[in-house]
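Morning, everyone. Please have the sequence and the model open while I talk.

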Amino acid sequence: MGALPRDSTGSSGAERPWVVRPAVEADWQAYRAIRLEMLEDTPIAFLETREAAQAHPEEHWRRRAANGSASSELFGAVTPDGRWIGTMGGFHAASSPDPHLVGVYVTPGWRGRDHGVADALLTAVLAWARRRSGRLLLEVHESNVPAIRYYERHGFAFTGRTLPYPLDPTTLELEMAVDL
């Protein structure tokens, strides 16, 4: 028997009980569940509160999961039973020459290099971004040290640009970029 094929994270599909794929509208409930989880787990990492997210109607979640916009792509790390264990997306605003990495989250039990969830999701977003630009941007809260370390390991560097964090303008979002 030959070797198992390797995916872009360097692990064989048989070694991981999940796949990374673009979201589809039918994922809306699983995406809503992980979005609420991420807002509870790491509230400083997102520009929305859990309470605001809970108030969104079903149509909002269906639209976000449907990936119907030409300017964005949402990816999920999905188990065979349809549960999302991680998510990342790309968003390219018309006013920006470069796309942004957004909505980065991995369920606590699936974090770490051994699982490879974050790396596989990032690989998907990088492939999406390369079709649009030569650089991918992100904004990270100044207090989110684990995220900053992860991004630096993957070649992102601070651009020097900062923005007030919308949910607490006394703190900052730091812009980082990676050349593609």
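How do the residues of the lining of the largest pocket divide into nonpolar, polar and charged? The split is 21 nonpolar, 15 polar and 12 charged. Keep in mind that this is a predicted model.

Let me stay with that pocket. Its volume is about 1,200 Å³. The lining has 48 residues, and those closest to the centre of the pocket are Phe46, Gly103, Val104, Tyr105 and Tyr151. Several elements give two or more residues to the lining. The helices in that group are α1, α3, α4 (117–130) and α5 (145–153). The strands are β2 (72–78), β3 (84–91), β4 (100–106) and β5 (135–141). Which element gives the largest share of the lining? That is β4, with 7 residues.

Next, two of those helices. Look at α1, residues 28–41, and α3, residues 58–66. They pack against each other at an angle of about 100°, and their axes are 9 Å apart. Angles of 65 to 115 degrees count as roughly perpendicular, so α1 and α3 are roughly perpendicular to each other. Which residues make the contact? From α1, you have Trp28, Tyr31, Arg32 and Arg35. From α3, you have Glu58, Trp61, Arg62, Arg64 and Ala65. Sort this contact by class and you get 4 nonpolar residues, 5 charged and no polar ones.

Now the loop between β4 and α4. Two arginines there are worth a look.

Start with Arg111, which lies in that loop. Is Arg111 buried, partly exposed or exposed? Its relative accessibility is 38%. Partly exposed covers the range between 20% and 50%, so Arg111 counts as partly exposed. What does Arg111 touch, leaving aside its neighbours within four places in sequence? Its contacts are then Asp41, Thr42, Tyr105 and Val106. You have met Tyr105 already, among the residues closest to the centre of the largest pocket. Arg111 also pairs up in distance terms with Gly86: 25 residues apart in sequence, 9.0 Å apart in space, C-alpha to C-alpha.

Then Arg113, in the loop between β4 and α4 as well. Its relative accessible area is 60%. The cut-off for exposed is over 50%, so Arg113 is exposed. How far apart are Arg113 and Tyr150? In sequence, 37 residues; in space, 10.0 Å from C-alpha to C-alpha.

That's my tour. Questions, please.

Terms used: Residues are numbered from 1 along each chain as its sequence is written. This is a predicted model: local features need pLDDT of at least 70, side-chain atom pairs count only at pLDDT 80 or more; totals for chains, interfaces and linings use all residues. Side-chain values use heavy atoms; hydrogens and water are left out. Axes are lines fitted to C-alpha atoms, for helices over the stretch in contact, and angles run from 0 to 180 degrees between N-to-C directions. Helices (H or I, at least four residues) and strands (E, at least two) are DSSP runs, numbered from the N terminus. Angles under 35 degrees count as roughly parallel, over 145 as roughly antiparallel, 65 to 115 as roughly perpendicular and the rest as oblique. Contact means heavy atoms within 4.5 Å. Ala, Val, Leu, Ile, Met, Phe, Trp, Tyr, Cys and Pro count as nonpolar, Asp, Glu, Lys and Arg as charged, and the others, Gly among them, as polar. On a 1 Å grid over the protein atoms alone, a cavity is a set of points where a 1.4 Å probe fits but cannot get out, and a pocket is an open set with protein on both sides within 12 Å along at least five of seven lines; lining residues have an atom within 4 Å of a point. Grid points are joined across faces, edges and corners, and a volume is the space filled by probe spheres set on the points. Buried means under 20% relative accessible area, exposed over 50%, partly exposed in between (1.4 Å probe, protein chains only).
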